[in-house]
Amino acid sequence: MYSRQSYWGTHRKLVLAFDVGTTFSGISYCILDPGDVPVIRGVSKFPSQEHVGGSNKIPSVMYYDQEGRVRAVGAETEQLHIVEKAEEEEWVRLEWWKLHLYSEHLEASHFSSADLPPLPNGKLAIEVLGDFLRYLFQCAKAYVEEAHDSTIWNSLEDRIDLILTHPNGWKEPQRQWIRKAVELAGLVPVGEEGQSRVHLLTDGEANLHFCATNILASEKFEAMLIACTDGPEEDDDGSASEHQGVILIDAGSETIDSSAYSMKLSPTSFREIAPAECRLQGSSFVTYRTHAFLRALLANSKYGDEDTLKRMTVIFDKTTKMHFRSANEPQYIRFGTIRDKDLEYNIRSGQLRLSGQDVAKLFEPSVEEIIAAFEVQRKAASIPITCVFLVGDFAASDWLHSSLLKYMSSLGISFCRPSRHTSKAVADGAVSYYLDRLVSGRAARFTYGVPCSRLYVPHDAEHVSRRSTAFTALNGDLRLPNAFGSVLTKGTEVSGQQEFRTSFCRERANLSACESVQVDIVAYRGTVECPLWVDKEKESYTKLCTIFADTSKVALSLQPCQRPDGLGVYYTIEFDVVILFDLMELKAQISWKENVRMNVADWLVPLRLTYPIPRFHRVWRSGVPSLLCMTISLIEAIAPLSV
């Protein structure tokens, strides 16, 4: 079993992890006492679930009144008196609201925002998230005070670190919305100090930490891993490798998150070996397809009204969906009484009979997307994959498990579905991430760089085709606009404080134009390995942010150069864009040489961001001034030639 180190801090602290799912949400926590080995616990008691033993999650459902005030949350929304009052006072029942935050870059041809239940009038998705987080926070407080000491919360209120997880496919805008929602909920003070207590993590990495500390480090798993391999993998030099390729599939209600790692068990450590995958095909979409299927099937039946269809869908979701095992056996939805009958539509004694083949088709798109994501990662991985883990709420589906087991077995890959506690895998794993930090390296999900110009090459066919757009630079060079300079390519493995640096130069006709430098950071999400032009596949390029540096001091030392056309002088300012990886996030910096000494930007701030509240960290280095650098998440940044 995984052996966790004692907490090395000097002060007591509380860590809370929130797993906010599309259909269900949960909380895990850990009280850190100096010198003691941390223990991860789950909140297992929520309002209106007091008599349900061991319930680790609540429904992600909310009721708002007509004034936009929260009236009921979670299990409270299922109480009969709440349902009756909601109908009387016309409250708005809100489900699937998390999907209003989904990333536009997820492939979702089967689903759009128009399919989502509308938000209450005047409410933004970020505000709904804030309301829900506030409720979870209150539930955590009540549980911790009851389970431990009624005074413990007040003593730790200013020393609570929050961890919030999100799908692998969420990008910087969604992450910044989460941070803003935490502030709106009042969980941390507004500003840099409060945001330093907020940590964001992908579902994939949270699941990895759960599996690593609960399953992978067990003797049973080590025996299974040895049994499922013909022999040890060998490194390039012929020596036996200590590393195994592992893929974790988090089949949740909203997304399918797939993460690939190189695993070393002694000591336990992991390195990401392929970009994370995220597909919008979680279990909720099986339910979504079921509702559409039933509506079409019963369109001309007396049981085709919307209320009955919704009741059937809910029953299917809670029973049939998870227990379905064979396409050769009929499936039943028990929705009514013995008097409910419509033989033409296979309804007898309050039960709707469905063929197993029809039910299997409802799962098919999700199974296909999981396999497709797996194959993308298997092919991109730097070492062979020997084991796959299936976790998440959707993992409880027998049909999903058997379908994936059949596929993985055909490839000779070991396939494992943990039998217990997978519903709390993300929340527990998030706390483990905070404590253990088992991942030593990650893979860039996209290619990052900046728009720039490129020197014209007359024997290059692409350049010749762009000859009409060429312009003459101040130094006399013929250059092409709309170029893209890559600084970090997709799939590159990075670790620790690894630095990525690209040199730039800018020519200006006067010194005043050299007093500041501004650079756009762009991510390329397409499939081309070496993208070169931003006007090709325009939809694949996304501006993440704009950064600038005050270069007024170095501008004073610039020497004028004579323009070849004799029309005066120009000045050239040279600088580097530097990216450093720090755990799950990146730091962007601008540096330049000043008096033959490397200097860094005194201030580095974002301009015209399309998402709110960027996070900042103060950085001190020997021999250079302080640096205020914008932090953007790991799979979300970078910069590069002449701009």
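Is Asp576 buried or exposed? Asp576 is buried, because its relative accessible area of 13% is under 20%. This value, like the others below, comes from a predicted model.

Asp576 takes part in a salt bridge. Its partner is Arg501, and the closest N and O atoms are 2.9 Å apart. The contact links distant parts of the chain. Asp576 sits in strand E27 (residues 569–582), Arg501 in strand E23 (residues 499–508), and 75 residues separate the two in sequence. Arg501 has a relative accessibility of 37% and counts as partly exposed. The pair thus has a buried acid and a partly exposed base.

The protein has 643 residues, and 54% of them are buried. Its fold contains 14 helices and 32 strands. The accessible surface comes to about 28800 Å². Carbon and sulfur atoms hold 50% of that surface.

Salt bridges were then counted across the protein. Side chains of opposite charge can pair when their charged atoms come close. The count comes to 27 salt bridges. One of them joins the side chains of Arg325 and Asp398, with an N to O distance of 3.0 Å. Arg325 lies in the loop between helix H9 (306–323) and strand E13 (331–334), while Asp398 belongs to helix H11 (residues 398–410), so this salt bridge ties together parts that are 73 residues apart in sequence. Arg325 is exposed, at 60% relative accessibility. Asp398 is buried, at 18%. The cut-offs explain the two labels: exposed means over 50%, and buried means under 20%, so Arg325 and Asp398 fall in separate classes.

A further salt bridge forms within a helix. Glu375 pairs with Arg378, and the closest N and O atoms are 3.1 Å apart. Both residues lie in helix H10 (residues 356–380). They are three residues apart, about one turn of the helix. Glu375 is buried, with 11% relative accessibility. Arg378 is partly exposed, with 31%.

Some charged side chains form a network. Asp65, Glu67, Arg69 and Arg71 are linked in this way by salt bridges.

Cysteines were also examined. The count of disulfides is zero. Two cysteines can be placed by their accessibility. Cys139 is buried, at 4% relative accessibility. Cys514 is buried too, with a relative accessible area of 1%.

Empty space came next. Rolling a probe the size of a water molecule over the atoms shows where empty space is left. The largest pocket has a volume of about 1800 Å³. Its lining comprises 44 residues. Arg93, Glu95, Val314, Asp317 and Lys318 lie nearest the centre of this pocket. Two or more lining residues come from each of strand E4 (57–59), helix H1 (80–89), helix H8 (283–297) and helix H9. Helix H9 gives the largest share, 10 residues. By class, the pocket lining divides into 14 nonpolar, 15 polar and 15 charged residues.

The largest cavity encloses about 210 Å³ of space. This cavity is closed, because a 1.4 Å probe fits inside but cannot get out. Its lining holds 21 residues. Nearest the cavity centre are Asp19, Asp203, Asp250, Gly252 and Ser253. Strand E1 (13–20) and helix H12 (425–436) each supply at least two residues of the lining. Five lining residues are nonpolar, eight are polar and eight are charged.

Backbone geometry gave two further sites. Trp96 is not a glycine, yet its phi is positive, at about 55°. Trp96 lies in the loop between strand E7 (92–94) and helix H2 (125–147). This tryptophan is buried, with a relative accessible area of 16%. Asn346 also has a positive phi, near 60°, in a residue other than glycine. Asn346 is found in the loop between strand E13 and strand E14 (347–348). Its relative accessible area is 32%, and Asn346 is therefore partly exposed, as the value falls between 20% and 50%.

Technical notes:
Residues numbered from 1 in each chain as written. Predicted model: local features only at pLDDT ≥ 70, side-chain atom pairs only at ≥ 80, totals over all residues. Heavy atoms only, no water. 1 Å grid on protein atoms, 1.4 Å probe; cavity = no way out; pocket = protein on both sides within 12 Å on 5 of 7 lines; lining within 4 Å. Points joined across faces, edges and corners; volume = space filled by probe spheres on them. Helix = DSSP H or I, 4+ residues; strand = E, 2+ residues; numbered from the N terminus. Nonpolar A, V, L, I, M, F, W, Y, C, P; charged D, E, K, R; others polar. Salt bridge = Lys/Arg side-chain N within 4 Å of Asp/Glu carboxyl O. Buried < 20%, exposed > 50% of the residue type's maximum accessible area, 1.4 Å probe, protein only. Disulfide = S-S within 2.5 Å. Areas by Shrake-Rupley, 256 points an atom, 1.4 Å probe, with all protein chains shown as cover.
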